Amino acid sequence: MAIADLSLVSYAAARASASDDVQVVTVHEFDGLASHVPAWDQLANRAPQQIPTLLPAWIDAFLHHRLRSKERWLCCFAYREGALIGVLPVVITPHPILGISRPILRTPSDDLTPSGDVLLAPEYAGLAFCALLEEVRREIPGHLGLSLTAVRHGAPVLQVLRSGVQGYVRCSGLCSKFSFLNVQGRFDDYLAGLGNMRRNLKRFHKKLEKQGAVSIDRIQGAQAGMDFLETFMALEASGWKGRNGTAMADNTEAVSFYQALAEHLGARGDFEWYVIRVQGQVIAAQMCIRCGGSLMLAKIAFDEDYSDCRPGHLLTGSVIQDAFARPEIIEINHLSNADWEGYWRMTYDEYVDVQLIRRDILPILCQFPRAAAHYAYQRYARPRIPSRLKQAYRAYRRRGDRKPLRSADSRTVRKERLADPSSE
């Protein structure tokens, strides 16, 4: 995809079929979503993207707890012969100058929802997407455009957009690489390719066993719901995130969001925890969310008193080992690109931002110059930025995530500096 691909290829045949064969239902209230959830769940779990942000429970939690001030939403469902073939949830944001009469539309996405992909049945992707867009135009005739954030490579909507969509100019934006790990194989073969990791994991585990009896468990079902979420939040807040003010417990909207996910997904077994205990005390926990054959590693926390035993490494290793042993799991997907993923030799898939701008004078004037500049930067300028400058910028951006020292560690550092003034 590229901004140079401004061809507005007609989808006349698909649109004609859509009007004859596809029925679209639009929902504006939460009560109206319930009747669509069973079919929505099935379609999301069969989707080739395999990402939990497509699940109805995730979208419901987002719409309840993650909308910004003055935003509203609608959700369109496309059916063919009684079967659900497409879902398009849309967040409606007033334009900063033109207001609500000329809103900007986007799929649900933010820092907790990294991908705003669109759920389409692959065999009817073009038919469904055309029908959904027509419905959006009827519902919000003055909208300037629709933005899709971090659409996974190979997603059905990208296949549709390659040919263009009538009435819209398509622009590409940021292309991100998020890590994933294929777990269809033998864990021992995978571990053998990690260098010293096997030896280090054994060493860390033996060191942890000296602290007391160690158990590593997977929690599913009702136990994985609200009760353990409270335990996780307390564990996370006890560490550097708590001292930094970036723990989940410090963000009431994030707490409400994950509580909703735990409530809706916990009972059905798609909200999981991997937990390390020493003498029955939780010292590390990993939040996981399932969608189809994918296991998303959402959040992790550990007790810093055991940091010399590398509980984060031990827990991640246990999650990966168990995933290899579970035939229903195809991949582990973190939906991010974190530094620690390099230890586990994860591979990467591309996720691209796409903006659809209405083919009218006002939307083109308001939206196209910015989209064109953004595309030019991503396509031509960004690849030419020196790697050292990129690293320096990333270090600057992450300065808020630096781990503040505990008070005990701070005293140790001060003593070392007093003993060796040259160290400063």
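In this predicted model, Trp273 is buried, with a relative accessible area of 0%. Phe271 is in much the same spot on paper: its relative accessible area is 0%, and it counts as buried. Ring pairs link these two with Phe228 and Phe232 into a cluster. Looking across the sheet, Trp273 stands opposite Met287 in E10.

That brings in the strands. E9 covers residues 271-278 and runs antiparallel to E10, with 8 bridges joining them. The hairpin of E9 and E10 has 2 residues between the strands, and Gln279 takes a positive phi there, near 55°. On to the next strand: E11 (residues 294-302) is joined to E10 by 8 bridges, again antiparallel. One of the facing pairs is Ile289 with its bridge partner Met296 in E11. The hairpin of E10 and E11 has 2 residues between the strands as well, and in it Gly292 has a positive phi near 60°.

So how enclosed is E10, the strand that spans residues 281-291? Of its 11 residues, 10 are buried, so the strand is largely enclosed by the rest of the structure. Ile283 makes a handy example from E10. Its relative accessibility is 0%, so Ile283 counts as buried, the cut-off being under 20%. Leaving aside residues up to four places away in sequence, Ile283 touches Leu208, Leu235, Ile276, Val278, Ala301, Phe302, Asp303, Tyr306 and Pro311. As for Glu304, Ile283 is 21 residues from it in sequence, yet the C-alpha to C-alpha separation in space is 8.3 Å.

Helix H10 is next. With 15 residues, H10 reaches 20 Å from its first C-alpha to its last, close to the 21 Å expected at 1.5 Å a residue. Its N-terminal end is capped by Asn251, whose side-chain oxygen lies 3.1 Å from the backbone nitrogen of Glu253. The buried residues of H10 are Ala254, Val255, Phe257, Tyr258, Ala260, Leu261, Ala262, Leu265 and Gly266. What do these buried residues of H10 pack against? Their partners are the helices H3 and H8 (226-237), plus the strands E9, E10 and E11.

Now for the rings. The count of aromatic pairs comes to 11. In one of them, Trp58 and Phe257 have ring centres 5.5 Å apart and planes at 75°, so the pair is edge-to-face. Trp58 sits in helix H3 (residues 56-65) and Phe257 in helix H10 (residues 252-266), so this pair ties together parts that are 199 residues apart in sequence. Phe257 is buried, with a relative accessible area of 0%, and Trp58 also counts as buried, at 1% relative accessibility. Back in the cluster, the rings of Phe271 and Trp273 have centres 5.7 Å apart and planes at 75°, so that pair is edge-to-face too. Aromatic rings also turn up in a charge contact: the charged end of Arg152 sits over the ring of Phe180, 5.3 Å from its centre.

Terms used:
Residues are numbered from 1 along each chain as its sequence is written. This is a predicted model: local features need pLDDT of at least 70, side-chain atom pairs count only at pLDDT 80 or more; totals for chains, interfaces and linings use all residues. Side-chain values use heavy atoms; hydrogens and water are left out. Buried means under 20% relative accessible area, exposed over 50%, partly exposed in between (1.4 Å probe, protein chains only). Helices (H or I, at least four residues) and strands (E, at least two) are DSSP runs, numbered from the N terminus. Two strands pair if DSSP finds at least two bridges between them. Rings of Phe, Tyr and Trp (its six-membered ring) pair if their centres lie within 6.5 Å; planes under 30 degrees apart count as stacked, over 60 as edge-to-face and the rest as tilted. A charge sits over a ring if NZ of Lys or CZ of Arg is within 6 Å of the ring centre and within 35 degrees of the ring normal. The expected span of a helix is 1.5 Å times one less than its number of residues. Contact means heavy atoms within 4.5 Å. A polar contact is a pair of N or O atoms within 3.5 Å; within protein, one must be able to donate a hydrogen and the other to accept it, and residues adjacent in sequence count only if both atoms are side-chain atoms.
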